[in-house]
Amino acid sequence: MAITRPSPYVWIDGELIPWDAATVHVSKLGWSTMGAVFEGISAYWNPEQEQLYGLQFSEHYARLLNSMKLMRMEQKFTVGDLVQASIDLLRANEVREDVRVRPLAYHADGTWFGGLLDSATSVVITTAPFTSSLGTEPKLRACVSSWDRISDNQLSPRVKCISNYQNSRMALIEASMRGYDQPILLNTQGKVTEGPASCLFIVRNGIAITPSLTSGILESITRQSILQFCRDVLEIPTMEREIDRTELYIAEEVFFCGTGAEVRGVVSVDDYVVGSGEIGPITTAIESYYHDIVRGRESRYDHWRVPVYSRVGQSR
Ligand code: PMP
């Protein structure tokens, strides 16, 4: 997603830098061995409380550090440092709307073969406004991709490494050229994995089922949250297991979930109509409860949110 409106500041390696000054020399763009990992994080504005709620910042930065570790990148910052950096940046940018927080850690010296292990790593965080789809009930038409999902022993889907997203990109382009909104990727065993940038649930016999963490998926924070609140609050039975392709075609409901995707219902897969062809009741219940949590209208999962402004109505 292109950044349409620049924010006043960008955070780079511990400093807030004005947007226009945050440049990188072309020689640092890297070469084929360059590594870069990222996160997609959201913060939601609550107009009644005049508060911006950072969503699961610690969980996202813990995953970023895992991605860096797996890519053998030098780690200069802790989860706590990066959570604080995000809060500082959102305050400096005086954000009062729904916003994405985008950290990227990359090999800053563009090292070619040799010296890869001591290649210096930089961390950059930017913010950009977005329009939430929560409450709008988008109805997606999905297809099964002809591209297999990358697997753990190749480029692991567990890592949010930018190279992995070429696999997502190919699947997304193919789906859109064929007239669908989103692809669903299978693993090399032919089992369902996830979307290009979201996890997936199907509902069968009233049970919300999602591929297990070893199916070849990202360890999604939203997927985990949904599993938890279905069990704790909504009393919707859940299951993590392998899912066959044909189960997509006879499921009562199918939906994507993710920080960016939020909760989006799928009304057909490969032109097989899902359920009644409308968004089903379990998807609606999950979407609406998720919306209450992220916007700070539900207090049960307060620990998932970080209030960005220390006192209500105060911007710094
Ligand atoms: N799978 C992929 C490939 C993704 O890029 C994302 C978005 N980060 C997800 C799943 C959903 O993960 P999360 O709920 O942590 O945003």
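The following exchange concerns the predicted model shown above.

Me: Which residues are closest to the ligand?

Reply: The closest are Tyr165, Glu194, Ser220, Thr222 and Thr259, among 15 residues that surround the ligand.

Me: What does the side chain of arginine 63 do there?

Reply: An N or O atom of the arginine 63 side chain is 2.7 Å from an oxygen atom of the ligand.

Me: And which ligand atoms face glutamate 194 and threonine 259?

Reply: For glutamate 194, a nitrogen atom of the ligand is 2.7 Å from an N or O atom of the side chain. For threonine 259, an oxygen atom of the ligand is 2.5 Å from an N or O atom of the side chain.

Me: How much of the ligand's accessible area does the protein cover?

Reply: On its own the ligand has 380 Å² of accessible area, and the protein covers 97% of that.

Me: Back to arginine 63. Which residues of its helix, H1, are buried?

Reply: Arg63 itself is one of the buried residues of H1. The others in that list are Phe57, His60, Tyr61, Leu64, Leu65, Ser67 and Met68.

Me: What span does H1 have, and what would be expected?

Reply: H1 covers residues 57-70, and its end C-alpha atoms are 20 Å apart. That agrees with expectation, because 14 residues at 1.5 Å a residue should span 20 Å.

Me: What follows H1?

Reply: Arginine 72 follows H1, and its phi is positive, near 55°.

Me: Tyr165 was on the ligand list. Which helix begins there, and how long is it?

Reply: Helix H3 runs over residues 165-177, which gives it 13 residues. From the first C-alpha to the last it reaches 18 Å, close to the 18 Å expected at 1.5 Å a residue.

Me: Which H3 residues are buried, and what covers them?

Reply: Tyr165, Asn167, Ser168, Ala171, Glu174 and Ala175 are buried in H3. Their cover includes strand E3 (36-38), strand E8 (139-148) and strand E9 (182-186).

Me: Why might positions in a helix share a direction?

Reply: An α-helix has 3.6 residues a turn, so residues three or four places apart point the same way.

Me: And what comes after H3?

Reply: H3 is followed by glycine 179, which has a positive phi near 90°.

Me: Now serine 86. Where is it, and is it buried or exposed?

Reply: Serine 86 lies in helix H2, residues 79-92. Serine 86 counts as buried because its relative accessibility is 0%, where the cut-off is under 20%.

Me: Which side chain does serine 86 make a polar contact with?

Reply: The side chain of serine 86 makes a polar contact of 2.6 Å with the side chain of tyrosine 61. Beyond four places in sequence, serine 86 is in contact with Phe57, Tyr61, Val101 and Ile125. Of these, Phe57 and Tyr61 are among the buried residues of H1.

Me: Changing topic: how many disulfides are there?

Reply: A search of the whole structure finds 0 disulfides.

Me: Why is cysteine 143 not in one?

Reply: Its closest cysteine sulfur is that of cysteine 199, and the two sulfurs are 17 Å apart, so they are too far for a bond. Cysteine 161 is likewise in no disulfide, with the sulfur of cysteine 199 nearest at 17 Å.

Me: Are cysteine 143 and cysteine 161 buried or exposed?

Reply: Cysteine 143 is buried, with a relative accessible area of 0%. Cysteine 161 is also buried, at 3%.

Me: Where is isoleucine 236, and what does it contact?

Reply: Isoleucine 236 sits in the loop between helix H4 (221-234) and strand E13 (238-240). At 10% relative accessibility, isoleucine 236 counts as buried. Leaving aside neighbours within four places in sequence, isoleucine 236 is in contact with Gly206, Ala208, Cys230, Arg231, Ile282 and Ile286.

Me: And glycine 135, buried or exposed?

Reply: Glycine 135 counts as exposed, at 56% relative accessibility. Glycine 135 lies in the loop between strand E7 (121-129) and E8. Apart from residues up to four places away in sequence, glycine 135 touches Glu287 and His291.

Me: Lastly, how far is isoleucine 17 from leucine 89?

Reply: They are 72 residues apart in sequence, and their C-alpha atoms are 9.7 Å apart in space. Isoleucine 17 is in strand E2, residues 15-18. Not counting neighbours within four places in sequence, isoleucine 17 is in contact with Pro8, Tyr9, Val10, Ile12 and Ala22.

Terms used:
Residues are numbered from 1 along each chain as its sequence is written. This is a predicted model: local features need pLDDT of at least 70, side-chain atom pairs count only at pLDDT 80 or more; totals for chains, interfaces and linings use all residues. Side-chain values use heavy atoms; hydrogens and water are left out. A disulfide is a pair of cysteine sulfur atoms within 2.5 Å. Buried means under 20% relative accessible area, exposed over 50%, partly exposed in between (1.4 Å probe, protein chains only). Helices (H or I, at least four residues) and strands (E, at least two) are DSSP runs, numbered from the N terminus. The expected span of a helix is 1.5 Å times one less than its number of residues. Contact means heavy atoms within 4.5 Å. A residue is near a molecule or strand if one of its heavy atoms lies within 4 Å of it. A polar contact is a pair of N or O atoms within 3.5 Å; within protein, one must be able to donate a hydrogen and the other to accept it, and residues adjacent in sequence count only if both atoms are side-chain atoms. Accessible areas come from the Shrake-Rupley method with a 1.4 Å probe; for residues, only the protein chains shown count as cover.
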